[in-house]
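Hi everyone, thanks for coming. Please pull up the model on your screens, and I'll walk you through some of it.

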Amino acid sequence: GARLADYRIYPASRTKVRTLIVACERLGQAELEEKVIVTREIVDEAYRAGASRAGFEAGEAVRILDLLYGIALPSGADATAALASYLAGGEARFVLWMNEKAEQLGLVGTHFVNTSGLHDKNHYSTAREIAAMMAYAMEMPLCRALLGAKTYTTAPTDAHPEGITLYSTTFSRMTTTQFGMVSVLAGKTGYTNEARFCLVTYAERPDGTGY
């Protein structure tokens, strides 16, 4: 059954499931090792907006794979901005791709204006369509690995010689991933004052049935 499945809601950081989908579809395997400079502007903007951050420093050269984990686990707006800058030259074009993807998937109740999920009245989705996005992400091996990781340590950089250990905002709040026959394999949390506490999870039964 479903309750209020098509009611317009604010996705908050569950937006980043779509950000990851668009990025993973546009990145080649070799590109994952390339490095992107996280600029002072990106760090300051995330700080000003009160957004979650992965903790990359201004001027730090970060592997693209580490940016992806910085989006998926601690929900870093510093990581989404750096990735959008690398792939699309900035957020505006990347958001265009996010909305095009929604159209391709027939998601008529979804519209994005940013890559991170910060509140905007024109940035919305529905429970049904967020679930559809998650199901689509789970068909992509890289997205599945990113959203299914409990912890991850980034590659060493000058700013972080031992890397940064990132923790999943989903799994760090769970005392168990097993609910009867069903195991939770991936998830993404979100929070804004307007959206309140949000969660999307993906779970499977032993026979591979997904929920």
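I'll go through a sheet, the core, some aromatic rings and the cysteines.

Okay, ground rules first. This is a predicted model, where local features need pLDDT of at least 70, side-chain atom pairs count only at pLDDT 80 or more, and totals for chains, interfaces and linings use all residues. Residues are numbered from 1 along each chain as its sequence is written, and side-chain values use heavy atoms, leaving out hydrogens and water.

Let's begin with the sheet. Helices (H or I, at least four residues) and strands (E, at least two) are DSSP runs, numbered from the N terminus. Two strands count as paired if DSSP finds at least two bridges between them. As a reminder, strands of a sheet pair through backbone hydrogen bonds, either parallel or antiparallel.

Here we have an open sheet of three strands, in the order β5-β6-β7, with antiparallel pairing. β5 and β7 are the edges: each has a single partner strand, so one side of each is left without a neighbour in the sheet.

Now walk along it with me. β5 covers residues 178-179, and two bridges tie β5 to β6. Look for Phe179, which stands opposite Val182 in β6. These two strands make a hairpin with two residues between them, and Gly180 in that turn has a positive phi of about 65°.

On the other side, β6 meets β7, residues 196-204, through nine bridges. That's a hairpin too, with three residues between the strands. Across this pairing, Gly190 faces Cys198 in β7.

How much of β6 is covered? I'm calling a residue buried under 20% relative accessible area, exposed over 50%, and partly exposed in between, using a 1.4 Å probe and protein chains only. For β6, residues 182-192, eight of the eleven residues are buried.

Next, the core. A nonpolar core here is a set of buried Ala, Val, Leu, Ile, Met, Phe, Trp, Tyr and Cys residues joined through side-chain atoms within 4.5 Å. The largest one holds 52 residues, and Leu67, Leu68, Phe94 and Leu147 touch the most other members. Which helix gives the largest share of this core? That's α3, residues 64-72, with seven residues. In fact, nine of the nine residues in α3 are buried, and that includes Asp66. As general background, nonpolar side chains in soluble globular proteins tend to be buried together.

Stay with Phe94 for a moment. Contact means heavy atoms within 4.5 Å. If we skip neighbours within four places in sequence, the contacts of Phe94 include Thr19, Val22, Ala84, Leu87 and Thr115.

That brings us to rings. Rings of Phe, Tyr and Trp (its six-membered ring) pair if their centres lie within 6.5 Å; planes under 30 degrees apart are stacked, over 60 edge-to-face, and the rest tilted. By that rule there are three aromatic pairs. One of them is Phe94 with Trp97: the centres are 5.9 Å apart and the planes sit at 50°, so we call the pair tilted. Both residues belong to helix α5, residues 91-104, and are three residues apart, about one turn of the helix. Both are buried as well.

Another pair is Tyr191 with Phe197, with centres 4.6 Å apart and planes at 45°, so that pair is tilted. Tyr191 is partly exposed at 38%, whereas Phe197 is exposed at 70%.

Charges can sit over rings too, meaning NZ of Lys or CZ of Arg within 6 Å of the ring centre and within 35 degrees of the ring normal. Arg26 does this over Trp97, at 3.6 Å from the ring centre. Lys150 does it over Phe171, at 4.6 Å.

Last stop, the cysteines. How many disulfides are there? A disulfide is a pair of cysteine sulfur atoms within 2.5 Å, and the count is zero. For Cys143, the nearest cysteine sulfur is that of Cys24, 3.6 Å away. Cys143 has 0% relative accessibility, so it counts as buried. Cys198, the one facing Gly190, has the sulfur of Cys143 as its nearest, 19 Å away. Cys198 is buried too, at 9%.

That's my tour, thanks for listening!
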